[in-house]
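The following exercises are to be worked with the sequence and the coordinates at hand. Each task is followed by a solution in steps.

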Amino acid sequence: AAVKVPGLRATAVVTASDHSCAVLESGEVKCWGAYWYGQLGDGRTSDRGDAISTTPVAVTGLPTATAIASGDAHTCVVTTAKEVWCWGVNWSGQLGDPAFTERDSPTPRKVPGLSGVTSITAGLHQTCALNADGVICWGANETPALVDGFADAKVVSSYGGRVCAILSDGTAKCNFGTSNGGDIDPEPGIDPAPGLGKVSAISVGADHTCAIIKSSGEIK
C-alpha cells in the first residue's frame, strides 16, 4: 500500500535507485533514502550499507529550486536564478563541474558557465539541461556541451546517451545515442516513429521511449 511521506507539501518529486527528493512549496529541497555517495545533499556520505535516512532531510546550501531531476545516484535542480546545482555521485562527471575531481559531492555544486536554464532531465550517469541555446548535456565522462540539432527544443528528456526533445512546432526528435550510459551522440535523428505527429509529452527510459499524442491523448 502507498505510504505517505510525513511533513512534506511538494510541487515536484523524483526517485532514483536508492534515494528520493522533493521540491517543497517554499522552493526548499528535501531528500531521503541512501546517502552512500552523498545523494541526500546534507553533507553526509558513507560506504556503510546501512547509511540510510528514512526521514527527509534538507539539502544544505542550495538556492531556491524550481525543477528537479535525478539519475542513478545524483540529483540536480534548476534554481530561481535559472542556474543548475547538482550533488551525489560523480563517477562520470554527472555533476557538471570539470574542475571538481573528487569522486562524490555530498553538498550541492553549481554547474559553471550554465545560465538561463528552464528545465532539466537526468538518467543513469548523465544530465541534460535546456536553455535558449538548446540542449546541453554532461556526464558519461563528457563535459557540458550542446547537442547538435536541438536548438529549437522546448521540452527535453534523456537517459544515458539517449536524448529526445519536443520542438517548437510540436514534433519530436531523438538522437541516435544508446541509453546504457554511453557517450551522447552529437547527431540528431528524425521523428522517433513514422507518423508520430505532434506530441505533448515525451519520456526516455533505459531501452524505450514513450510520447503522448497531442491530438488524441493516446500514448505511443
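**Exercise 1.** In which loop does Gln-39 lie? Determine its burial and its contacts.

*Solution.* The model is a predicted one, in which local features need pLDDT of at least 70, side-chain atom pairs count only at pLDDT 80 or more, and totals for chains, interfaces and linings use all residues. Residues are numbered from 1 along each chain as its sequence is written, and side-chain values use heavy atoms, with hydrogens and water left out.

Step 1. Gln-39 is found in the loop between β3 (29-34) and β4 (52-58); strands are DSSP runs of E with at least two residues, numbered from the N terminus.

Step 2. The relative accessibility of Gln-39 is 1%, so the residue counts as buried (buried means under 20% relative accessible area, exposed over 50%, partly exposed in between, with a 1.4 Å probe and protein chains only).

Step 3. The side chain of Gln-39 makes polar contacts with two backbone nitrogens: that of Trp-36 at 3.0 Å and that of Tyr-37 at 2.7 Å. A polar contact is a pair of N or O atoms within 3.5 Å; within protein, one must be able to donate a hydrogen and the other to accept it, and residues adjacent in sequence count only if both atoms are side-chain atoms.

Step 4. Beyond residues up to four places away in sequence, Gln-39 touches, among others, Cys-21, Cys-31 and Trp-87 (contact means heavy atoms within 4.5 Å).

**Exercise 2.** How many disulfides does the structure hold? Characterise three of them and the case of Cys-210.

*Solution.* Step 1. There are four disulfides, a disulfide being a pair of cysteine sulfur atoms within 2.5 Å. With bonded cysteines counted along the chain, the pattern is 1-2, 3-4, 5-6, 7-8.

Step 2. In the pair Cys-21 and Cys-31 the sulfur atoms are 2.1 Å apart. Cys-21 belongs to strand β2 (residues 19-24) and Cys-31 to strand β3, so the bond ties together parts that are 10 residues apart in sequence. The torsion about this S-S bond is about 105°, so the disulfide is right-handed. Both cysteines are buried.

Step 3. Cys-76 and Cys-86 also form a disulfide, with sulfur atoms 2.1 Å apart. This pair ties together parts 10 residues apart in sequence, because Cys-76 lies in strand β6 (residues 74-79) and Cys-86 in strand β7 (residues 84-89). The link of Cys-76 and Cys-86 is right-handed, with 110° about the S-S bond. Cys-76 has a relative accessible area of 0%, and Cys-86 is likewise buried at 0%.

Step 4. For Cys-128 and Cys-137 the sulfur separation is 2.0 Å. Their link is right-handed at 105°, and both residues are buried.

Step 5. Cys-210 has its closest cysteine sulfur in Cys-164, at 10 Å, which is too far for a bond. Cys-210 is partly exposed, at 33% relative accessibility.

**Exercise 3.** What is the strand order of the open sheet of four strands?

*Solution.* Step 1. The order is β9-β10-β11-β12, with antiparallel pairing; two strands pair if DSSP finds at least two bridges between them.

Step 2. β9 (119-123) and β12 (142-146) each have a single partner strand and stand at the edges, so one side of each lacks a neighbour in the sheet.

Step 3. β9 pairs with β10 (residues 126-131) over five bridges. Gln-126 in β10 is the bridge partner of Gly-123.

**Exercise 4.** How many salt bridges does a search of the whole structure find? Locate two of them.

*Solution.* Step 1. The search finds five (a salt bridge is a side-chain nitrogen of Lys or Arg within 4 Å of a carboxyl oxygen of Asp or Glu).

Step 2. Arg-9 and Glu-25 meet at 3.3 Å, N to O. Arg-9 lies in the segment before β1 (10-15) and Glu-25 in the loop between β2 and β3, 16 residues apart. Both residues are exposed.

Step 3. Glu-83 and Lys-110 form another salt bridge, with their closest N and O atoms 3.6 Å apart. Glu-83 is in the loop between β6 and β7 and Lys-110 in strand β8 (residues 104-110), so parts 27 residues apart in sequence are tied together. Glu-83 is partly exposed at 22%, as is Lys-110 at 39%.
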